[in-house]
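You asked for a quick read of this one before you dig in. Here are my notes, in the order I'd go through them with you.

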Amino acid sequence: MAELVFYSGTMDSGKSTLALQLDHNHRARGRVGRIYSSHDRAGEAVLSSRLGLATPAIEVTGELDFWADVVGELTGGGRVDYLVCDEAQFYTSEQVDQLAKVADELSIDVFCFGILTDFRTRLFPGSLRLVELADRVLTLQVEALCWCGSRATHNARTADGEMVTEGEVIVVGDVEDPDRPTPQIGYEVLCRRHHRKRMTAARAQAGALSPDVLPFD
């Protein structure tokens with residue numbers, strides 16, 4: 001029986017690396033899969049990890065219909081045994097429903113990878129729907145760490161090193177490009193305590209170098 005599985009974790013917890021490994025393992029056993037991603041930091045139509053690994057993928061836009069895409073491949077004579085869906089937090093609720101339908105009615109395994117909450121600590125619509133529908137929700141065992149060494153539980157967005165809590169939900173950052181306009185947008189994982197205090201690594205370092213600033217902890 002096919003399953004809809006959601007692997008979740010913070011940034012830097014190895015989600016995309018696991019997605020690539022899972023795809024490799026299935027292909028090594030002769031299975032045929034389709035890979036999807038959305039807003040990957042390496043660009044469109046690619047699934048990449050911070051370790052430097054990458055593979056071509058189908059870019060998931062708001063208009064993509066997973067059911068129609070998979071059925072089209074099957075009716076065209078193609079074979080599909082499983083789907084690998086990275087950055088699933090960016091999918092719409094309707095697209096997650098389509099993935100559930102693929103698993104239930106076509107008996108195709110669907111493996112989704114994504115983060116639960118955005119930089120405002122709010123659930124992404126795609127992640128929320130996956131939690132509601134998935135047969136299994138698995139937390140990645142590789143723990144990302146806050147700059148203080150504690151387990152990171154929250155994703156923070158930074159602008160020139162300062163944490164921000166307002167703005168568009170989807171903004172690609174952490175991309176080295178000298179021609180990008182300022183401020184430079186980045187992302188950082190923090191423990192809850194330092195997320196609440198908006199204490200990024202840059203602020204902690206600046207405070208540590210200033211004799212007039214009391215310790216943050």
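The points below start with the whole chain and then move to its sheet, a helix, the cores, the cysteines and a loop residue.

1. First, a word on what you have in front of you: this is a predicted model. The secondary structure of the protein chain comes to six helices and 11 strands. Of its 217 residues, 42% are buried. Looking at contacts with a separation of 6 or more, 72% are between residues 24 or more positions apart. On the outside, the chain exposes about 11,600 Å², and carbon and sulfur atoms supply 50% of that.

2. Now find the open sheet of six strands. Its order is S5-S2-S6-S7-S1-S8, and the pairing is parallel. Strand S5 (58–59) and S8 stand at the edges with a single partner strand each, so each has one side without a neighbour in the sheet. If you need a reminder of what holds such a thing together, strands of a sheet pair through backbone hydrogen bonds, either parallel or antiparallel.

3. Strand S1 (4–8) is a good place to zoom in. How many bridges join S1 to S7? There are five, and the two strands run parallel; one pairing to look for is Val 5, whose bridge partner in S7 is Phe 111. S1 is also joined to strand S8 (residues 136–139), through four bridges and again in parallel. Here Phe 6 has Val 137 as its bridge partner in S8.

4. Stay with S1 and check its side chains. In a regular strand the side chains alternate between the two faces of the sheet. In S1, Leu 4, Phe 6 and Ser 8 point one way, while Val 5 and Tyr 7 point the other way. Are these residues buried or exposed? All are buried. With five of its five residues buried, S1 is largely enclosed by the rest of the structure.

5. Next, helix H3 (residues 93–106). Its length makes sense: at 1.5 Å a residue, its 14 residues should span 20 Å, and the end C-alpha atoms are 20 Å apart, which agrees. The buried residues of H3 are Gln 95, Val 96, Gln 98, Leu 99, Ala 100, Val 102 and Ala 103. What covers them includes strand S1, helix H2 (66–75), strand S6 (82–85), strand S7 (109–114) and helix H4 (125–133). Just after H3, look at Ser 107, which takes a positive phi of about 55 degrees.

6. H3 turns up again in the largest nonpolar core, which has 22 residues. Those with the most contacts inside this core are Tyr 36, Leu 83, Cys 85, Tyr 91, Leu 99, Val 110 and Cys 112. S1, H2, S6, H3 and S7 each supply at least two of the core's residues, and the largest share, five residues, comes from H3. Apart from this core lies another one, of 13 residues, among them Tyr 7, Leu 20, Phe 111 and Phe 113.

7. For a close-up, try Val 110. Leaving aside its neighbours within four places in sequence, Val 110 is in contact with Glu 3, Leu 4, Val 5, Leu 83, Cys 85, Leu 99, Val 102 and Ala 103.

8. On to the cysteines. A disulfide is a covalent bond between the sulfur atoms of two cysteines. How many disulfides does the structure hold? Zero. For Cys 85, the nearest cysteine sulfur is that of Cys 112, 4.4 Å away. Cys 85 is buried, with a relative accessible area of 0%. The sulfur of Cys 146 is 3.7 Å from the closest cysteine sulfur, in Cys 148, which is too far for a bond. Cys 146 also counts as buried, at 4% relative accessibility.

9. While you have Cys 85 on screen, look for Leu 47 in strand S3 (residues 46–48). Leu 47 and Cys 85 are 38 residues apart in sequence, and 9.2 Å apart in space, C-alpha to C-alpha. At 0% relative accessibility, Leu 47 counts as buried.

10. Last, a loop residue. Thr 117 lies in the loop between S7 and H4. Is Thr 117 buried or exposed? Thr 117 counts as buried, at 18% relative accessibility. Beyond its neighbours within four places in sequence, Thr 117 is in contact with Arg 122, Leu 123, Phe 124 and Asn 155.

Conventions: Residues are numbered from 1 along each chain as its sequence is written. This is a predicted model: local features need pLDDT of at least 70, side-chain atom pairs count only at pLDDT 80 or more; totals for chains, interfaces and linings use all residues. Side-chain values use heavy atoms; hydrogens and water are left out. The expected span of a helix is 1.5 Å times one less than its number of residues. Buried means under 20% relative accessible area, exposed over 50%, partly exposed in between (1.4 Å probe, protein chains only). Contact means heavy atoms within 4.5 Å. A disulfide is a pair of cysteine sulfur atoms within 2.5 Å. Two strands pair if DSSP finds at least two bridges between them. A nonpolar core is a set of buried Ala, Val, Leu, Ile, Met, Phe, Trp, Tyr and Cys residues joined through side-chain atoms within 4.5 Å. Accessible areas come from the Shrake-Rupley method with a 1.4 Å probe; for residues, only the protein chains shown count as cover.
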